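Here are my notes on the model you sent over, as numbered points. Have the structure open while you read, since I jump around a bit.

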Amino acid sequence: MDTEQELFNYIKGRYLEDLVKSEHPYEYHDCTSTLYRLHIELKCRHKHYQDLIIEKDKYEALVQQAERLGFTPFYVNATPKGIYAFNLRKITVKWVTKKLPSESKCQDQELVDKTVALLPVGQAVQL
């Protein structure tokens, strides 16, 4: 999957027929399934890693929004080796600070300190 739209279409077509995209592009979730009570953040990575990164502010906002609605927060990553879905209620995260690009979409930029969790793909459900 190259884009979050392709990932969205795949999940909607195979797993969550009622999946609806977020109305605002800068919200901390990309889509919601009311039927299955899921709040989902999507991420496409062009390289596979054994540990996938989630930023602390994104994690906290996703979990808080989901809990406020009584939904389950999910973080779904597509890599060249598969699609990995993390139920954020069922995993324990450990926060670390890493030097990373300020935006994931841009290549040539200075690195900034970001607080992130490393999510082992072994703790995900592979779709």
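1. Let's start with the second largest pocket, whose lining is made of ten nonpolar residues, with no polar and no charged ones. Bear in mind that this is a predicted model. The volume comes out at about 160 Å³. The lining residues are I11, Y15, L16, L38, I40, F74, V76, A85, V125 and L127. Which elements give two or more residues to that lining? They are β3 and β5.

2. Now the sheet that those two strands belong to. Six strands make up an open sheet with mixed pairing, and the order reads β1-β2-β3-β5-β6-β9. At the edges sit β1 (20-21) and β9 (125-126), each with pairing on one side only. Helix α1 (residues 4-14) packs on this sheet and touches β1, β2 (31-33), β3 (38-44), β5 (72-79) and β6. If you want an angle to check, the direction of α1 makes about 135° with that of β3.

3. A few words on β5 and its neighbour β6. The two strands run antiparallel and are joined by six bridges. A hairpin takes the chain from β5 to β6 through two residues. To pick out one pair in the viewer, try A78, whose bridge partner in β6 is I83.

4. On its other pairing, β6 (residues 82-87) meets β9, again antiparallel, through two bridges. Y84 stands opposite Q126 of β9, and A85 has V125 as its bridge partner there. A85 and V125 should look familiar, as both are among the residues lining the pocket from point 1.

5. Is β6 buried or exposed? Six of its six residues are buried, so the strand is largely enclosed by the rest of the structure. Both faces are covered: G82, Y84 and F86 are buried on one side, and I83, A85 and N87 are buried on the other. I'd colour β6 by relative accessibility, with the cut-off for buried at under 20%, to see this at a glance.

6. On to the other sheet. This one is open too and has three strands, in the order β4-β8-β7, with antiparallel pairing. The edges are β4 (51-55) and β7 (95-101), and each of them pairs on one side only. From one strand to the next, the twist averages 55°.

7. How many bridges hold β4 and β8 together? There are five, and β4 pairs with β8 (residues 111-120) in the antiparallel sense. Two of the pairs are easy to find: E55 has V116 as its bridge partner in β8, and L52 stands opposite L119 of that strand.

8. The faces of β4 deserve a look of their own. L52 and I54 are on the covered face, while D51, I53 and E55 are on the uncovered one. So for β4 there is a covered side and an uncovered side, whereas β6 has both faces covered.

9. Helix α2 has contacts with strands of both sheets. It spans residues 56-69 and lies across β3 and β5, running at about 155° to β3. On the three-stranded sheet, α2 packs against β4, β7 and β8, and its direction makes about 75° with that of β4.

10. Last stop is the loop between β2 and β3, which is where Y36 and R37 are found. Why does Y36 count as partly exposed? Because its relative accessibility is 43%. R37 is also classed as partly exposed, because its relative accessibility is 39%.

11. The backbone at R37 is worth a check: phi is positive there, at about 55°, although R37 is not a glycine. As for Y36, leaving out residues up to four places away in sequence, Y36 touches Y15, L16, E17 and D18. Y15 and L16 also turn up in the lining of the second largest pocket. The C-alpha atoms of Y36 and L19 are 9.2 Å apart in space, with the two positions 17 residues apart in sequence numbering.

Conventions
Residues numbered from 1 in each chain as written. Predicted model: local features only at pLDDT ≥ 70, side-chain atom pairs only at ≥ 80, totals over all residues. Heavy atoms only, no water. Pairing = 2+ DSSP bridges. Helix = DSSP H or I, 4+ residues; strand = E, 2+ residues; numbered from the N terminus. Contact = heavy atoms within 4.5 Å. Axes fitted to C-alpha atoms, helices over the stretch in contact; angles between N-to-C directions. 1 Å grid on protein atoms, 1.4 Å probe; cavity = no way out; pocket = protein on both sides within 12 Å on 5 of 7 lines; lining within 4 Å. Points joined across faces, edges and corners; volume = space filled by probe spheres on them. Nonpolar A, V, L, I, M, F, W, Y, C, P; charged D, E, K, R; others polar. Buried < 20%, exposed > 50% of the residue type's maximum accessible area, 1.4 Å probe, protein only.
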